[in-house]
Amino acid sequence: MTDPLSRTLSALADPTRRAILARLATGEATVNELAEPFDISLPAISRHLKVLETAGLISRGREAQWRPCRLEPGQLKAVDGWLERYRRFWEDSFDRMDLYLASLQKGGTDGEPN
């Protein structure tokens with residue numbers, strides 16, 4: 001798994017990592033702050049952060065003793081771009097269904113609007 005999209009999707013597959021990203025969407029946080037809502041060890045949180053960092057979803061700074069984590073939105077934007085074609089597919093499908101339902105309401109049966 002070497003391509004960025006695969007690393008990103010793999011990182012997003014874990015609910016703990018998604019929760020960490022949701023927290024970071026509100027602003028920077030330390031490892032301790034990120035670990036607070038979870039019933040897992042600090043080393044486990046650190047492993048999750050390493051996965052997120054490797055996927056390019058977060059970065060970690062260093063300011064004296066404070067090591068803030070921050071969200072890096074670039075990879076999420078790449079995932080959104082990849083999903084866009086599927087979003088268009090569903091929107092087009094719903095548009096066709098709307099036309100079909102409208103034709104049924106008007107008494108048509110061939111699937112084409114009257």
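These exercises work through a predicted model of one protein chain.

**Exercise 1. Lay out the secondary structure of the protein chain and say which elements have the lowest and the highest mean pLDDT.**

Step 1. Count the elements: the protein chain has 5 helices and 2 strands.
Step 2. Put them in order. Starting at the N terminus, they read α-α-α-α-β-β-α.
Step 3. Check confidence for the chain. Its mean pLDDT is 88, and 92% of the residues reach 70 or more.
Step 4. Rank the elements. Helix 2 (residues 15-24) has the highest mean pLDDT, 97. Helix 5 (residues 74-105) has the lowest, 87.

**Exercise 2. Set the radius of gyration of the protein chain against that of a compact globule of 114 residues.**

Step 1. Take the reference. A compact globule of 114 residues would have a radius of gyration near 13 Å.
Step 2. Take the model. The protein chain has 22 Å.
Step 3. Look at the spans. Along the principal axes, the C-alpha trace covers about 70 × 30 × 20 Å.
Step 4. Add burial. Of the 114 residues, 26% are buried.
Step 5. Add the contacts. Take those between residues at least 6 apart in sequence: 43% of them join residues at least 24 apart.

**Exercise 3. Describe the exposed surface and the charges of the protein chain.**

Step 1. Start with area. The protein chain exposes about 7700 Å². Carbon and sulfur atoms supply 55% of that surface.
Step 2. Count charges. There are 16 positive and 17 negative side chains.
Step 3. Locate the two sets. Their centres lie 8 Å apart.

**Exercise 4. Classify Thr8 and Ile45 as buried or exposed, and list what each touches beyond four places in sequence.**

Step 1. Place Thr8: it sits in helix 1 (residues 4-12).
Step 2. Apply the cut-off. Buried means under 20% relative accessible area. Thr8 has 0% relative accessibility, so it counts as buried.
Step 3. List its partners. Beyond four places in sequence, Thr8 contacts Ala55, Leu57, Gln75 and Val79.
Step 4. Place Ile45: it belongs to helix 4.
Step 5. Apply the cut-off again. Ile45 also has 0% relative accessibility, so it counts as buried.
Step 6. List its partners. With residues up to four places away left out, Ile45 touches Ile20, Val31, Ala35, Phe38 and Ile40.
Step 7. Add a distance. Ile45 and Gly56 are 11 residues apart along the chain, and their C-alpha atoms are separated by 17 Å.

**Exercise 5. Classify Glu63, Arg47 and Gly107 by relative accessibility.**

Step 1. Recall the cut-offs. Exposed means over 50%, and partly exposed lies between that and the 20% limit for buried.
Step 2. Take Glu63. It lies in the loop between strand 1 (58-60) and strand 2 (69-71). Its relative accessibility is 41%, so Glu63 counts as partly exposed.
Step 3. Note its contacts. Glu63 touches Pro68 and Arg70, leaving aside residues up to four places away in sequence.
Step 4. Take Arg47. It is part of helix 4 (residues 42-54). At 55% relative accessibility, Arg47 is exposed.
Step 5. Take Gly107. It falls in the segment after helix 5. Its value is 55%, so Gly107 counts as exposed.

**Exercise 6. Give the sequence and space separations for the pairs Arg47 and Ser6, and Gly107 and Glu63.**

Step 1. Take Arg47 and Ser6. They are 41 residues apart in sequence. From C-alpha to C-alpha, Arg47 and Ser6 are 18 Å apart.
Step 2. Take Gly107 and Glu63. They are 44 residues apart in sequence. From C-alpha to C-alpha, Gly107 and Glu63 are 70 Å apart.
Step 3. Tie the second pair to its elements. Gly107 lies after helix 5, while Glu63 lies in the loop between strand 1 and strand 2.

Note on methods. Residues numbered from 1 in each chain as written. Predicted model: local features only at pLDDT ≥ 70, side-chain atom pairs only at ≥ 80, totals over all residues. Heavy atoms only, no water. Helix = DSSP H or I, 4+ residues; strand = E, 2+ residues; numbered from the N terminus. Rg over C-alpha atoms; globule rule 2.2 N^0.38 Å. Buried < 20%, exposed > 50% of the residue type's maximum accessible area, 1.4 Å probe, protein only. Contact = heavy atoms within 4.5 Å. Areas by Shrake-Rupley, 256 points an atom, 1.4 Å probe, with all protein chains shown as cover. Lys, Arg positive; Asp, Glu negative; His and termini not counted. Charge placed at Lys NZ, Arg CZ, Asp CG, Glu CD. pLDDT = per-residue confidence, 0-100.
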